[in-house]
Amino acid sequence: MPLMPVKFNLQKRVKLAQGLWMLYWVSVIVGILIFSLGIFFKVELRKRSEMMDNSESHLVPNLLILVGLLTCGFNAFGGKVCHDSLDPMKFAKWKPMLKQYFMAGLGFNVVLLVVALLCFLMQFSVYLTLADGLKYSIRFYKDTDTPGRCFMKRTLDMTQIEFRCCGNNNFRDWFEVQWISNRYLDMSNDEVKDRVLSNVDGKYLMDSVPFSCCNPGSPRPCIQHHLTNSSAHYDYDLRSEELNIWTRGCREALFSYFSYMMNSIGALVIFTILLESADMAGLKYLTTSLEAMADPENPECESEGWLLEKSVKETIAEALGKVKALVKPNQVQEGGEAPAT
């Protein structure tokens with residue numbers, strides 16, 4: 001017995017074909033959107049690659065670009081079938097391809113599900129890559145004369161300004177590294193010399209942060225030097241006064257940005273799966289109702305459409321039987337060749 005049979009007359013078939021045609025072209029637009037988001041995600045990763053120590057993974061954006069193109073092509077084909085379905089002559093040329101098309105649609109939905117899962121699961125990888133990359137970026141901030149790191153200072157400053165963040169975890173990360181190059185330090189100055197000699201690694205460490213950590217919305221001029229010394233500034237107490245620099249770490253800020261992007265894309269891909277399922281179900285009803293017409297030359301006659309020709313249990317059993325039938329001859333052939341050898 002067919003699964004979920006529905007009676008169709010000419011008017012219902014026409015409405016179904018028109019509705020499916022529109023739905024398929026909505027899916028094409030969604031495919032273009034996924035393709036565009038994949039390119040945007042890839043560009044953003046490239047732009048922040050120095051913040052990730054150039055070890056970011058482009059698997060997800062590459063898959064999104066591929067899936068977006070496939071979505072456009074797959075649904076454009078479905079829309080063409082719906083457009084030609086009410087013309088018996090045109091529909092006849094698509095009929096032999098429909099079984100393979102439905103199988104491809106099932107496989108494509110599985111691919112979309114994998115891509116959606118990767119959008120959610122790969123966020124942990126992005127978090128770890130940002131943690132390591134920002135640590136190295138802060139360490140190499142001062143190396144403006146070193147080939148390959150010339151623009152690290154500019155990139156990190158622009159990142160802190162754009163994302164309103166400071167340091168890796170927080171602004172105190174700048175206290176642990178020498179972020180001013182030795183070429184800008186006066187080694188003849190006793191204070192500078194004492195600070196360098198007092199450090200085990202010979203680094204010039206201080207309780208200061210770069211200008212890009214300053215919050216322009218603060219009413220007080222930015223205090224970026226001697227942050228932990230309350231007596232160095234008038235009417236200033238580190239413990240009670242709100243700092244006029246960004247207190248949020250860049251790892252948290254960048255991860256929130258990429259996490260929001262990946263969650264949004266993942267939700268869009270899941271919506272695409274639902275849309276594809278609706279498209280395939282509607283097309284199945286349309287094609288089966290056309291094939292079941294008693295008199296194909298009389299478009300006014302009623303017919304019955306269904307999702308599956310048999311019940312779900314019978315369909316699965318039949319599919320498993322076909323798989324076993326394909327495997328069995330290979331086993332017999334291998335068994336027959338063994339004695340001859």
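Helices are DSSP runs of H or I with at least four residues, numbered from the N terminus. The model discussed here is predicted.

Q: In which helix is the place of Leu-113?
A: Helices are numbered from the N terminus, and α4 covers residues 98-121. The place of Leu-113 is in helix α4.

Q: Is Leu-113 buried, partly exposed or exposed?
A: Buried means under 20% relative accessible area and exposed means over 50%, with partly exposed in between. Because its relative accessible area is 45%, Leu-113 is partly exposed.

Q: Which helix supplies the largest share of the nonpolar patch?
A: The patch on the surface is formed by Leu-113, Leu-117, Phe-120, Leu-121, Ile-270 and Leu-274, with about 570 Å² of accessible area together. Both α4 and α8 supply at least two of its residues. The largest share, 4 residues, comes from α4.

Q: Which helix gives the most to the largest nonpolar core?
A: This core has 70 residues, and Phe-41, Leu-64, Trp-174, Val-209 and Leu-283 have the most contacts inside it. Several helices each supply at least two of its residues, including α1 (10-47), α2 (59-84) and α8 (250-291). With 15 residues, the helix that gives the most is α8.

Q: What pattern does the protein chain follow along the sequence?
A: The secondary structure comes to 9 helices and 2 strands. Read along the sequence, the pattern is β-α-α-α-α-α-α-α-α-β-α.

Q: What percentage of the residues in the protein chain is buried?
A: A residue counts as buried when its relative accessible area is under 20%. Of the 341 residues in the protein chain, the buried ones make up 39%.

Notes: Residues numbered from 1 in each chain as written. Predicted model: local features only at pLDDT ≥ 70, side-chain atom pairs only at ≥ 80, totals over all residues. Heavy atoms only, no water. Core = buried A, V, L, I, M, F, W, Y, C linked by side-chain atoms within 4.5 Å. Buried < 20%, exposed > 50% of the residue type's maximum accessible area, 1.4 Å probe, protein only. Patch = residues over 30% accessible without salt bridge, like charges linked within 9 Å, V, L, I, M, F, W, Y side chains within 5 Å. Areas by Shrake-Rupley, 256 points an atom, 1.4 Å probe, with all protein chains shown as cover. Salt bridge = Lys/Arg side-chain N within 4 Å of Asp/Glu carboxyl O.
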